[in-house]
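Thank you all for coming. I would like to spend a few minutes walking through one chain with you, so please have a look at it on the screen before I go on.

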Amino acid sequence: MQAVQYFIEQGRIKDDTTQQHSSATYNYKPVPVRSCFNGLTIYRTDVYLNDMECRYDSYNKEDTEFASNHYKHACEHVVIHECLRRQMKESSSNEEFSIAVLPDMKTLWHGI
């Protein structure tokens, strides 16, 4: 629950455009993270599909700093995010690879 509370607090923006009686209304901005787990991830296809070097099942020696003591390698979501980050650095674009958590994202099944 601490992680959820952290993302809610970091992403919260007070919405001053709504006039409610006593309770404030909030919108949420994406909260940047290095990598994340247990959520929905949307990748830009031009980064992910153009070079099949980045895959969930491949490991890179540069990722050893993220290795767990038990398994001796990094978790697959960390591996692909670090690979995509390296790909963006090596590309000719000036864009940076970024990942963020959107605290108020809801799916279609939410609330059913």
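I will go from the overall layout to the core, then to the surface, and finish with the cysteines and one backbone angle.

Please keep in mind throughout that what you see is a predicted model. The chain has three helices and four strands, and if we read along the sequence these elements follow the pattern α-β-β-β-α-α-β. Of the 112 residues of the chain, 21% count as buried, and the accessible surface comes to about 9100 Å², with 52% of that area belonging to carbon and sulfur atoms. As for the contacts with a separation of 6 or more, 57% of them are accounted for by residues 24 or more positions apart.

Let me turn to the interior. The largest nonpolar core is made up of eleven residues, namely Phe 7, Val 31, Val 33, Cys 54, Ile 80, Cys 83, Leu 84, Met 88, Phe 97, Ile 99 and Val 101. Strand 3 (31-33), helix 3 and strand 4 (99-101) each supply at least two residues of this core, and helix 3 gives the most to it, with four residues. As a general background, nonpolar side chains in soluble globular proteins tend to be buried together. One member of the core, Ile 99, deserves a second look: leaving aside its neighbours within four places in sequence, Ile 99 is in contact with Val 31, Pro 32, Val 33, Arg 34, Ser 35, Cys 36, His 81 and Arg 85.

On the outside, Leu 40, Ile 42, Leu 102 and Met 105 form a nonpolar surface patch, and together they have about 430 Å² of accessible area. Met 105 lies in the segment after strand 4 and, with a relative accessibility of 43%, it counts as partly exposed.

Now to the cysteines: how many disulfides does the count come to? With a disulfide taken as a pair of cysteine sulfur atoms within 2.5 Å, the count comes to zero. Cys 36 is partly exposed, at a relative accessible area of 24%, and Cys 75 is likewise partly exposed, at 33%.

Finally, the backbone. Most residues other than glycine have a negative phi, whereas the phi of Lys 72 is near 65 degrees, which is a positive value in a residue other than glycine. Lys 72 is placed in the loop between helix 2 (45-48) and helix 3 (76-90), and Lys 72 is exposed, with a relative accessible area of 64%.

Technical notes
Residues are numbered from 1 along each chain as its sequence is written. This is a predicted model: local features need pLDDT of at least 70, side-chain atom pairs count only at pLDDT 80 or more; totals for chains, interfaces and linings use all residues. Side-chain values use heavy atoms; hydrogens and water are left out. Buried means under 20% relative accessible area, exposed over 50%, partly exposed in between (1.4 Å probe, protein chains only). A nonpolar core is a set of buried Ala, Val, Leu, Ile, Met, Phe, Trp, Tyr and Cys residues joined through side-chain atoms within 4.5 Å. Contact means heavy atoms within 4.5 Å. Patches are made of residues with over 30% relative accessible area and no salt bridge: like charges are joined within 9 Å, nonpolar side chains (Val, Leu, Ile, Met, Phe, Trp, Tyr) within 5 Å. Accessible areas come from the Shrake-Rupley method with a 1.4 Å probe; for residues, only the protein chains shown count as cover. A salt bridge is a side-chain nitrogen of Lys or Arg within 4 Å of a carboxyl oxygen of Asp or Glu.
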